[in-house]
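Below are my comments on the model you sent round. They are set out as numbered points.

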Amino acid sequence: MAVGNDFDLSYERLTAAARAAARGAAARDTERGSAFADRGRRLSAGCGSIVQSVAVAAGVQPIVVGKPEPPLFRMALERLGLTAATTAMVGDSIPSDIKGARAVGMPTVLYAPAVARRPARPT
């Protein structure tokens with residue numbers, strides 16, 4: 001089972017995902033970001049919020065296959081025929097974009113437009 005952003009999320013879908021994970025379906029998280037700014041620069045719930053809901057309900061730990069995990073960045077570099085040292089990651093999230101790129105040795109550029117305040121991330 002892969003969990004990603006779902007702009008049509010319902011209680012039924014969330015419950016179905018939690019039940020599948022609780023029965024042993026491998027929980028895959030495409031990205032840990034708990035919030036992001038939408039096109040109107042308003043705070044929106046991110047994939048990480050959905051994943052954590054499923055994980056908490058099912059009592060499981062998801063495996064992250066997207067940002068900030070290094071395999072995603074390495075795969076992108078390989079497919080593009082680029083090296084980490086000569087390619088910069090431009091991202092708007094320190095915990096996912098910047099952290100992931102730095103983990104593979106890429107220079108980074110943080111793009112941080114004025115957006116609604118994001119809630120503090122739990123530690």
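**Notes on the predicted model**

1. Asp8 sits in the loop that runs between β1 (2-3) and α1 (11-22). The model is a predicted one, and in it Asp8 is exposed, with a relative accessible area of 59%. Ala76 lies 68 residues from Asp8 along the chain, and the C-alpha atoms of Asp8 and Ala76 are 28 Å apart.

2. How many salt bridges does a search of the whole structure find? The search gives two.

3. One salt bridge joins the side chains of Asp6 and Arg13, at 3.5 Å from N to O. Asp6 is partly exposed, with a relative accessibility of 22%. Arg13 is also partly exposed, at 45%.

4. Lys67 and Asp97 form a salt bridge too, with 2.7 Å between the closest N and O atoms. Lys67 belongs to strand β5 (residues 63-67) and Asp97 to helix α4 (residues 94-103), so this pair ties together parts that are 30 residues apart in sequence.

5. Are the two partners of that bridge buried or exposed? Asp97 has 4% relative accessibility and counts as buried, because the cut-off for buried is under 20%. Lys67, at 23%, counts as partly exposed.

6. On the surface, Val90, Val109 and Tyr111 make a nonpolar patch of about 300 Å². Of these residues, Val109 is in strand β7 (residues 108-110). Val109 has a relative accessibility of 40%, so it counts as partly exposed.

Technical notes
Residues are numbered from 1 along each chain as its sequence is written. This is a predicted model: local features need pLDDT of at least 70, side-chain atom pairs count only at pLDDT 80 or more; totals for chains, interfaces and linings use all residues. Side-chain values use heavy atoms; hydrogens and water are left out. Helices (H or I, at least four residues) and strands (E, at least two) are DSSP runs, numbered from the N terminus. Buried means under 20% relative accessible area, exposed over 50%, partly exposed in between (1.4 Å probe, protein chains only). Patches are made of residues with over 30% relative accessible area and no salt bridge: like charges are joined within 9 Å, nonpolar side chains (Val, Leu, Ile, Met, Phe, Trp, Tyr) within 5 Å. Accessible areas come from the Shrake-Rupley method with a 1.4 Å probe; for residues, only the protein chains shown count as cover. A salt bridge is a side-chain nitrogen of Lys or Arg within 4 Å of a carboxyl oxygen of Asp or Glu.
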